[in-house]
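Let's take a walk through this fold, one piece at a time. Keep the viewer open as you read.

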Amino acid sequence: LFKSDGTNWVANFRPGWTKYYNTFDFPDKNILVVIAGGQGYVMSPDDEKPRFTFGLTITEALQTADGSLVCADNVRIVFLDNSNGQLWVSERISWDGIKDLKISGDTVSGTTYDPTNSIQEWNDFSINLKTKEITGGSYTDFLKQNPHLEVGDNGMLREKVTTTTTKKPWWKIW
């Protein structure tokens, strides 16, 4: 990398957990996004430490027409908005796999893996990058089809707990 004063320096990046490597240049913002083994680094050529990091398991990344960056890991989409520099991470949309990413206008689409469906293992999804509205996705669809389940604070699925429902003890006192 070259600093603005013309001196150069070498950066070493600790890789994440995938085999995906790529770089994306944002010269108008004076930053470079480096994805090293699935780990994203937002770098300024004048700083030898990252401005921030993101991801860890990124498997694919595409750039939109306006220069924004859309990254996929195995369960969600990470969106680095070039217009305002904000990073947005979607809710979980896949059980374990996202592939075939495409960008059309303000929409990113692809397919998500569903291990619960042996007939159709890959399901379509789309995300409107302006409104952040998600349509489809194997994980999202599974939750819609199973309204008695919810995602707990630890990220695991559990039976929904409602305040009006009180569970009876499994034991009985005479």
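One term before we start: a residue is called buried here if its relative accessible area is under 20%, exposed if that area is over 50%, and partly exposed in between. Also keep in mind that this is a predicted model.

With that cut-off in hand, go to W95 and Y139, which are both buried. Their rings form an edge-to-face pair, with 5.0 Å from centre to centre and 70 degrees between the planes. W95 sits in the loop between β8 (87–89) and β9 (98–104), while Y139 belongs to helix α1, so this pair ties together parts that are 44 residues apart in sequence. The ring pairing doesn't stop there: W95, Y139 and F142 are linked into a cluster. Y139 has a charged neighbour too, since R92 lies over the face of its ring, 4.6 Å from the centre. If you like that sort of arrangement, there's another to look at: K132 places its charged end over the ring of W88, 5.5 Å from the ring centre.

Now for the helix that carries Y139. Which residues of α1 are buried? Helix α1 spans residues 138–145, and the buried ones are S138, Y139, T140 and F142. The cover over these residues includes strands β10 (107–113), β11 (122–128), β12 (134–136), β13 (149–151) and β14 (157–159). S138 is worth a click of its own. This serine is found in helix α1, and it counts as buried because its relative accessibility is 1%. Leaving out residues up to four places away in sequence, S138 touches I93, S94, W95, T112, Y113, D114 and N123. W95 thus turns up again, this time as a contact of S138.

Next, swing over to the sheet made by the early strands. Four strands form an open sheet in the order β1-β2-β3-β4, and the pairing is antiparallel. At the edges are β1 (21–26) and β4 (52–54), each of which pairs on one side only. From one strand to the next, the twist averages 15 degrees.

Look at the β1 side of that sheet. β1 pairs with β2 (residues 31–36) in the antiparallel sense over 6 bridges, and one bridge to pick out is D25 with L32 in β2. The two strands make a hairpin with 4 residues between them. Within that turn is N30, whose phi is positive, at about 60 degrees, although N30 is not a glycine. How accessible is N30? Its relative accessibility is 37%, so it counts as partly exposed. D100 is in a similar spot in backbone terms: its phi is positive, at about 60 degrees, and it isn't a glycine either. D100, however, is found in strand β9, and at 41% relative accessibility it counts as partly exposed.

At the other side of the sheet, β3 (residues 39–43) and β4 run antiparallel and are joined by 3 bridges. G40 has F54 in β4 as its bridge partner. F54 also takes part in an aromatic pair, one of 5 found in a search of the whole structure. Its ring centre is 6.4 Å from that of F52 and the planes stand at 45 degrees, so this pair is tilted. Are the two phenylalanines buried or exposed? F52 counts as partly exposed because its relative accessibility is 29%, whereas F54, at 5%, counts as buried.

F54 leads us to the packing. The largest nonpolar core has 14 residues, and those touching the most other members are F24, V33, I35, F54, A61, L69 and C71. β1, β2, β6 (69–72) and β7 (77–80) each supply at least two of the core's residues, with β2 giving the largest share, 3 residues. For a view from one of its members, select V33: not counting residues up to four places away in sequence, it touches N22, T23, F24, F26, Y41, V42, F54, L69 and L80. Apart from this core lies another one, of 12 residues, including I77, I93, V108 and F125. I93 should ring a bell, as it is among the residues that S138 touches.

Terms used
Residues numbered from 1 in each chain as written. Predicted model: local features only at pLDDT ≥ 70, side-chain atom pairs only at ≥ 80, totals over all residues. Heavy atoms only, no water. Buried < 20%, exposed > 50% of the residue type's maximum accessible area, 1.4 Å probe, protein only. Contact = heavy atoms within 4.5 Å. Pairing = 2+ DSSP bridges. Axes fitted to C-alpha atoms, helices over the stretch in contact; angles between N-to-C directions. Core = buried A, V, L, I, M, F, W, Y, C linked by side-chain atoms within 4.5 Å. Phe/Tyr/Trp six-rings, centres within 6.5 Å; stacked < 30°, edge-to-face > 60°. Lys NZ or Arg CZ within 6 Å of the ring centre and 35° of its normal.
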